[in-house]
Amino acid sequence: MSSVDEGGDGLLARIFLTRVLEPGDETGGRWVRELGAEAVVRRLRERGGPLPGASGKRWAGLLARAERADPRRDLAVAREAGARFVRPGAAEWPRQLDDLGDARPLGLWVRGGADLRMWALRSVAVVGARACTEYGAHMAATLSAGLAERGWVVVSGGAYGVDGAAHRGALGSGGATVAVLACGVDRPYPRGHTGLITRIADQGLVIGELPPGDHPTPSRFVLRNRVIAALTRGTVVVEAAHRSGALATARAARRLGRHTMGVPGPVTSGLSAGVHELLRQDAVLVADAADVVELVGDMGELAPERRGPVLPRDLLEPAGRQVLAALPARGAARAEDIARGAQTTPDDVIARLYELRALGYVERHGDGWKLTRQAMISARGGPGAH
C-alpha cells in the first residue's frame, strides 16, 4: 500500500486514525496537532514505541487497531453509501468545531448533498429524552418546524423520542435538518429509524465521526454530543431527566460559550426535572421558535446580514447560480416550481436554497422562497455588487 498521505493533504491518514482513535480522544488529538496525522500513522505502522501520554497497555491496543485499518477500503465503502470524508481545513469543514481543541474530530463522514459548513452557520440543536411524552414530542416537532420555516437548520442525534420528533418537524415543513450519529453513517441507528435517517440523508445531512460499519457504544453516544453542541449556535433541551444524555449536550454547549435553552414542562414530570435544573442555572427558558431565534440571532452573525453587502453572483457555484436564476424577480415560489426552472430535484433545490439563505440571497416566506433586496441589487450591479 502506498503512503497514506495521498495528495499531501492528510486525508487518508486521518481516515486511518478514525479506525484507531476513539472520538474525543484528547491525547490522540494532541499527537495529531503536534506531529501531524501522517507522522502518527507512520509511528503506528512501524510499531514504534508509545507516544507521550500512552501507557504500554494502551499503545498495544492502538497498534492492534492499526493493523486492521484500511483507509482506502473505508473510503470506497463510504462512497458506495453516498458519503464523503470532510477533514479540518477543507472548504466544507465547519470551523466552529475547532473550538473543541484536541477533542476536535479527526474529520467527519457526511451523507447528503448540502454543504455542511454553510448549513452549520445557521443551526440550532434540539435534543431531549428518548422516552419522551406526547408533550415533549409535540414541542420538539413544533419548535423545529418553526425554526426551519425561519431559515434555521435543526441538528439532532437521530434517536427515538425528542430527536426523531425534531427531525420530522423540520422535514415536515420542507426545512433543513442534520442528524449526528454515534456510528458509521452507512449503518443507521437505531434500526427503527432507518427510514427517517435515509430521508434525512436525501433532504438534509447525516454526519458522524466513526468510519463505515462502526457500531455505537454508550461512550460514543456521550462523545457524539460534543459535536452537536460545537456545531450549532445553541442547544435547546425539550425534555430530560436528571441523568439524561441531552443534559451532557447542554453542558458541552455552555462550556463552548454557546447558548443553552430549555423548554419547561410540568413540575410533576420527572422527564422535565433535568430541564428545570438547567433553567435554575444559566439556561434560558424558551417556549417556541421565535424565542430561540431571538436568542441565537444575537450571537455574532456568521452569515452576511440581510441588508449588508453580499458576494457577487459570479462567485457562486454553477448549481447555486442556476437555482438563483430560477427564482422569480417578484414574489415567492415553491421549491417544486424552482426545481422545474432549475432543471433539478426539489431536494437539491432545498439544499441550495438554504445555502443561498446563509449567503443573504434568498429568504423564506411561508411555503415559498423569494429573492432578498440585496440579491436584486447585486443582479442590477448596484450597491453590494462588485
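Strand 3 (residues 123-127) and strand 4 (residues 153-156) are a good place to start in this predicted model: the two strands run parallel and are joined by 3 bridges. You can pick out individual partners along the pair. Serine 123 of strand 3 stands opposite valine 153 in strand 4, and alanine 125 has valine 155 as its bridge partner in strand 4.

Now look to the other neighbour of strand 3. Strand 7 also runs parallel to strand 3, again with 3 bridges between them. Here alanine 125 turns up once more, with threonine 235 as its bridge partner in strand 7. From strand 7 you can step on to strand 8 (residues 259-262), which runs parallel to strand 7 and is joined to it by 4 bridges. Within that pair, valine 236 has methionine 261 of strand 8 as its bridge partner.

With these pairs in mind, the whole sheet is easier to follow. It is an open sheet of 9 strands with mixed pairing, and the strands come in the order 1-2-6-5-4-3-7-8-9. At its edges lie strand 1 (83-86) and strand 9 (284-285), each of which pairs on one side only.

How covered is strand 3 within this arrangement? Since 5 of the 5 residues of strand 3 are buried, the strand is largely enclosed by the rest of the structure. The cover reaches both of its faces: Ser123, Ala125 and Val127 are buried on one side, and Val124 and Val126 are buried on the other. Strand 7 (residues 234-237) can be read in a similar way. Gly234 and Val236 point one way from strand 7, Thr235 and Val237 point the other way, and all of them are buried.

Let us move from the sheet to a helix. Helix 1 (residues 11-18) is mostly covered, with 8 of its 8 residues buried. Among these buried residues are Leu11, Leu12, Ile15, Phe16 and Leu17, and also Arg14 and Thr18. What do the buried residues of helix 1 pack against? Their partners include helix 2 (26-35), helix 3 (37-45), helix 4 (56-68) and helix 5 (71-80), and they also pack against strand 1 and strand 2 (108-111) of the sheet you have just walked across.

A further sheet awaits you later in the chain. This one is open too, with 3 strands in the order 10-12-11 and antiparallel pairing. Its edge strands are strand 10 (333-334) and strand 11 (362-365), each pairing on one side only. Strand 10 is joined to strand 12 by 2 bridges, and these two strands run antiparallel. One partner to find is glycine 368 in strand 12, the bridge partner of arginine 334.

Strand 12 also leads us to the aromatic rings. The count of aromatic pairs comes to 5. Take tyrosine 354 and tryptophan 369: their ring centres are 5.2 Å apart and their planes stand at 75 degrees, and because an angle over 60 degrees counts as edge-to-face, that is how this pair is classed. Tyrosine 354 lies in helix 16 (residues 346-358) and tryptophan 369 in strand 12 (residues 368-371), so the pair ties together parts that are 15 residues apart in sequence. Tyrosine 354 is buried, with a relative accessible area of 3%, and tryptophan 369 is buried with a relative accessible area of 3%. Together with Trp119, Tyr354 and Trp369 form one aromatic cluster.

Rings also meet charges in this model. The charged end of arginine 122 sits over the ring of tryptophan 152, 4.2 Å from its centre. The charged end of arginine 130 sits over the ring of phenylalanine 221, 5.2 Å from its centre.

The cysteines deserve a look as well. The structure holds 0 disulfides. Is cysteine 183 buried or exposed? At 2% relative accessibility, cysteine 183 counts as buried, whereas cysteine 132, at 22%, counts as partly exposed.

Finally, step back to the protein as a whole. It has 17 helices and 12 strands, and 55% of its 386 residues count as buried. Among contacts with a separation of 6 or more, 72% are between residues 24 or more positions apart. The protein exposes about 16,300 Å², with carbon and sulfur atoms supplying 51% of that area.

Conventions. Residues numbered from 1 in each chain as written. Predicted model: local features only at pLDDT ≥ 70, side-chain atom pairs only at ≥ 80, totals over all residues. Heavy atoms only, no water. Disulfide = S-S within 2.5 Å. Buried < 20%, exposed > 50% of the residue type's maximum accessible area, 1.4 Å probe, protein only. Pairing = 2+ DSSP bridges. Contact = heavy atoms within 4.5 Å. Areas by Shrake-Rupley, 256 points an atom, 1.4 Å probe, with all protein chains shown as cover. Phe/Tyr/Trp six-rings, centres within 6.5 Å; stacked < 30°, edge-to-face > 60°. Lys NZ or Arg CZ within 6 Å of the ring centre and 35° of its normal.
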